[in-house]
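Me: Could you walk me through the aromatic pairs and then the cavities in this one?
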Amino acid sequence: MSTSRSRQQHVEIAEYLQNLIHSGDLAPGDQLPSEAELCEKFGSSRGPVRQAVATLRAEGLVSSGRGRRSMVLSTQISNSFDALLSATAFFEEEGHKAGAKIIRIARELASETVADALELKQDDPVVEIMRVRTADDLPVMVEKLVFPTKWGEPLMTLTPHSPSVHKQLREMGAHVDNIVRTALITQADSEQAELLGIAEGAPLIHLTLRASTYQGEPVEFAEYYVRGDVITIDQSNVRGGSVPVKLGLKNPKN
């Protein structure tokens, strides 16, 4: 079996198991299907099956097994890569209708922070897009996306009915492969409060994001000011594994 085939099977099997857990068909305390059952279902060798289970173990979803079938520990599924990169993908993955109101699209001069993130010189030209993002028509976040002119200029004609920004970037050849995000708690200023329909001084989560290609070429610097009353953070991890963190969206109307 080729390496490419094994990788495809590993992903397919992992997604199948994740869907069983996320849907509730497998609850905490339930055992995963046996290796033999999964091998038969997917026409696979044991290698891809074990790799798929290892993926779930690293996400904190299942136990290590150690001579017995792995057991479901949690039903929380980590955000997909696209949902970490794109507000549209995040809302849709959480089961909400994504929307956007454009506040401005403009050519700007790179601040020190933007220049550092995009590996430019301060005051180099960039393109900035500022929008209010909505989930089920409720304002949830103020979004500011900043791009080098190479990627930003074609986005100057963006409208609310255009394809998503990140879909357009992919079509232009900007294939984001790496993102780095940081978060801190802040308070809404008067402009943010008005745009989001909340009180001035209300808590916000300020997320910053740097996105680059596989080759390390910077594509985007983004800032999100997200209402603190609609975001949840779920975390599940296993000793010795990675520590995935998931952002979730509460029902804004509750």
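Reply: Aromatic pairs come first below, and cavities follow. This is a predicted model, in which local features need pLDDT of at least 70, side-chain atom pairs count only at pLDDT 80 or more, and totals for chains, interfaces and linings use all residues. Residues are numbered from 1 along each chain as its sequence is written, and side-chain values use heavy atoms, with hydrogens and water left out.

Me: OK, how many aromatic pairs are there?
Reply: There are two aromatic pairs, where pairing asks for Phe, Tyr or Trp rings (for Trp, the six-membered one) with centres within 6.5 Å, and planes under 30 degrees apart are called stacked, over 60 edge-to-face and the rest tilted. Tyr-16 and Phe-42 form an edge-to-face pair, because their ring centres are 5.4 Å apart and their planes stand at 70 degrees.

Me: And the other one, what angle do the planes of Phe-90 and Phe-91 make?
Reply: The planes of Phe-90 and Phe-91 are at 40 degrees, with ring centres 5.7 Å apart, so that pair is tilted.

Me: Buried or exposed, what is Phe-91?
Reply: Phe-91 is buried, with a relative accessible area of 0%, and Phe-90 is buried too, at 6% (buried is under 20%, exposed over 50%, partly exposed in between, using a 1.4 Å probe and protein chains only).

Me: Switching topic, which residues lie nearest the centre of the largest cavity?
Reply: Ala-83, Phe-90, Met-141, Arg-181 and Leu-207 do, out of 15 lining residues. A cavity here is a set of points on a 1 Å grid over the protein atoms alone where a 1.4 Å probe fits but cannot get out, and lining residues have an atom within 4 Å of a point.

Definitions and conventions. On a 1 Å grid over the protein atoms alone, a cavity is a set of points where a 1.4 Å probe fits but cannot get out, and a pocket is an open set with protein on both sides within 12 Å along at least five of seven lines; lining residues have an atom within 4 Å of a point.
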